[in-house]
Amino acid sequence: MDIAEFRRRGREMVDFVADYYENIEKRPVFPDVEPGYLRSLIPSEAPVDPETYEDIMKDVERVIMPGVTHWQSPNFFAYFPANSSLPALLADMLSGAIGCIGFTWAASPACTELETVMLDWLGKMLQLPECFLAGTDGQGGGVIQGTASEATLMSLLAARCKTVRRVQASNSQLLEGEIFSKMMAYTSEEAHSSVERAAQIAGVMIRKVPTDDTYAVRGEMLKKMVEMDKAAGLIPFYFCATLGTTPSCAFDHITELGPICNDENMWMHVDAAYAGSAFVCPEFRHLLNGIEYANSFDFNPHKWLLVNFDCSAMWVKNRADLIGAFKVDPLYLKHENQESGLVTDYRHWQIPLGRRFRSLKMWFVFRLYGHKGLQSHIRHHVTLAKEFESLVRADKRFEICAEVILGLVCFRLKGEDVLSENLLKKINQKREIHLVPCQLSGRFVLRFATYLWCLIFFCVSMIQHGVSRVWLTVNERFFYFNECI
Ligand code: PLP
């Protein structure tokens with residue numbers, strides 16, 4: 001493909017994507033294929049001779065689309081959203097074109113510097129305490145990780161390293177392995193599975209803290225466990241709080257938990273993978289109160305802030321905790337500015353070495369929507385969730401299973417679980433809308449995560465149209481549930 005053909009194909013691809021989005025509602029949101037469907041549709045070997053671009057594009061419809069779950073469809077209400085947006089797609093194209101691998105400042109200064117500034121911009125929109133911002137000479141700062149799971153793992157590994165150093169400083173005889181075997185991490189019983197997995201990867205024990213009747217961890221519950229473990233000779237070292245749990249969007253009480261962690265020398269990481277985006281709105285910012293006690297904080301703009309996957313924003317209060325934990329310095333990665341104190345080398349802040357120019361898509365999205373546009377986007381979703389909640393509450397056959405705080409509604413049919421299980425089966429079998437379940441208090445619950453088609457929203461002049469259209473969708477969806485019962 002030469003540059004002339006690239007220009008032509010590029011325009012065609014933009015048209016293809018635009019058509020895909022304009023017509024996405026017509027596609028069944030969940031694919032009707034059996035496992036292994038794809039292998040029989042393509043040759044078992046890569047082609048020896050080059051094929052044509054037309055052939056490939058024909059196969060996109062024939063081979064790929066039948067097996068796609070359309071996450072950007074307005075009929076997708078499963079998991080948490082993974083909102084994309086047109087500005088983010090364009091920025092990603094540019095990132096791919098530049099193709100730099102910005103592991104150090106010198107490897108591509110713009111890639112590093114834009115990331116640091118974008119994380120400061122975003123931190124300011126969230127009103128994060130100053131200590132988390134890089135500024136020009138801050139001790140803290142932000143980094144883009146691929147996922148919230150990676151951020152949790154990074155924080156846990158940094159906490160492990162910091163604890164080993166602290167324990168060895170008072171007892172130099174103790175070997176690292178002995179300390180590891182006594183270290184205890186904690187998280188909510190409602191936390192995402194990635195926290196337990198991070199502990200498995202790090203080779204440390206983890207305890208799940210029971211929650212109250214709103215599915216949130218309270219200070220006294222953590223304190224009790226920590227005291228019990230200390231009395232047994234263990235070393236509590238890490239707590240991962242969740243703001244916006246995956247099953248029900250519950251909020252751990254970090255104003256109570258933070259002081260306990262600080263008193264006990266435990267690293268507090270705050271995982272707000274989904275809910276974090278809502279903190280750009282002042283009316284939801286109180287949910288982040290207590291963040292000043294945390295060592296690290298992470299949320300996914302790729303879930304709910306119109307920056308397409310992958311983009312997980314992580315901040316640390318003390319960057320030395322990350323850099324000091326994982327520093328390996330071969331000659332081929334060194335550069336003359338690395339010790340100047342003026343630059344950030346993000347290779348020390350993450351597990352892989354290579355990293356893409358992901359801050360470009362933040363820059364495009366933040367500038368094209370503005371803080372106000374991002375706030376409206378969040379507010380529309382929350383309004384839709386409230387509307388859906390009121391429809392559910394008005395029907396006596398259903399019950400709401402957890403407080404609706406943001407864009408997630410947890411509900412079920414009253415009575416035996418089997419009723420709700422059958423309802424979900426029927427809904428998903430129709431493939432017109434897609435939901436996933438969860439368990440709350442041992443009961444089978446349906447999760448409805450509101451999703452406003454951000455692409456409609458992006459045309460500011462069409463906001464009204466977009467909103468009324470999705471209002472309608474929510475109503476239709478509710479009546480759709482009725483049909484399935
Ligand atoms: N933490 C919470 C609270 C989540 O809800 C999720 C996913 O939905 C995750 C972590 C995992 O996110 P990621 O896929 O970015 O690792």
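Domain bounds here come from an automatic or database domain assignment. This is a predicted model, in which local features need pLDDT of at least 70, side-chain atom pairs count only at pLDDT 80 or more, and totals for chains, interfaces and linings use all residues. Residues are numbered from 1 along each chain as its sequence is written.

**Figure 1. Three domains divide the protein.** Domain 1 covers 3–84, domain 2 covers 100–357 and domain 3 covers 372–484. The contact takes 14 residues from domain 1 and 15 residues from domain 3. Two residues are in contact if their C-beta atoms, placed from the backbone, lie within 7 Å. The side of domain 1 that touches domain 3 has 11 nonpolar, 2 polar and 1 charged residues. Here Ala, Val, Leu, Ile, Met, Phe, Trp, Tyr, Cys and Pro count as nonpolar, Asp, Glu, Lys and Arg as charged, and the others, Gly among them, as polar.

**Figure 2. A shell of 15 residues surrounds the ligand.** The closest are Thr147, Ala148, Ser149, His192 and Ala273. A residue is near a molecule if its C-beta atom, placed from the backbone, lies within 6 Å of it. By class, the shell holds 4 nonpolar, 10 polar and 1 charged residues.

**Figure 3. The largest nonpolar core has 121 residues.** Helix α12 (residues 359–394) supplies the largest share of this core, 12 residues. Such a core is a set of buried Ala, Val, Leu, Ile, Met, Phe, Trp, Tyr and Cys residues joined through C-beta atoms within 7 Å. A residue is buried if 20 or more other C-beta atoms lie within 10 Å of its own, exposed if 12 or fewer, and partly exposed in between, with C-beta atoms placed from the backbone. Phe239 and Met268 have the most contacts inside the core. Phe239 touches Tyr186, Thr187, Leu222, Leu257, Cys261, Met266 and Met268, not counting residues up to four places away in sequence. In soluble globular proteins, nonpolar side chains tend to be buried together.

**Figure 4. Helix α1 (residues 3–22) lies largely in the open.** Helices (H or I, at least four residues) and strands (E, at least two) are DSSP runs, numbered from the N terminus. The 20 residues of α1 reach 28 Å from first C-alpha to last, close to the 28 Å expected at 1.5 Å a residue. The expected span is 1.5 Å times one less than the number of residues. Of the 20 residues of α1, the number buried is 0.

**Figure 5. Helix α3 (residues 86–98) ends just before a glycine with positive phi.** The 13 residues of α3 should span 18 Å, and the end C-alpha atoms are 19 Å apart, which agrees. Buried in α3 are Leu86, Pro87, Ala88, Ala91 and Asp92. Gly96 is also found in α3. Gly96 has 11 C-beta neighbours inside 10 Å, so Gly96 counts as exposed. Gly96 and Glu256 are 160 residues apart in sequence and 44 Å apart in space, C-alpha to C-alpha. Just after α3, Gly99 takes a positive phi of about 60°.

**Figure 6. Helix α4 (residues 109–125) has buried residues covered by other elements.** The 17 residues of α4 should span 24 Å, and the end C-alpha atoms are 24 Å apart, which agrees. Cys111, Thr112, Glu115, Thr116, Met118, Leu119, Asp120, Leu122 and Gly123 are buried in α4. What covers them includes β1 (141–145), β7 (312–316) and α12. Gln127 follows α4, with a positive phi near 55°.

**Figure 7. Val164 sits in helix α5 (residues 148–170).** Val164 has 21 C-beta neighbours inside 10 Å, so Val164 counts as buried. Leaving aside neighbours within four places in sequence, Val164 is in contact with Glu176 and Ile179. The C-alpha atoms of Val164 and Gly141, 23 residues apart along the chain, are separated by 24 Å.

**Figure 8. Three loops carry backbone details.** The peptide bond from Phe309 to Asp310 is cis, with omega near 0°. Asp310 is in the loop between α10 (301–304) and β7. Tyr215 is in the loop between β3 (205–209) and α8 (219–231). Phi of Tyr215 is positive, near 70°. With 23 C-beta neighbours inside 10 Å, Tyr215 counts as buried. Cys249 lies in the loop between β4 (235–242) and α9 (254–263). Phi of Cys249 is positive, near 60°. With 27 C-beta neighbours inside 10 Å, Cys249 counts as buried.
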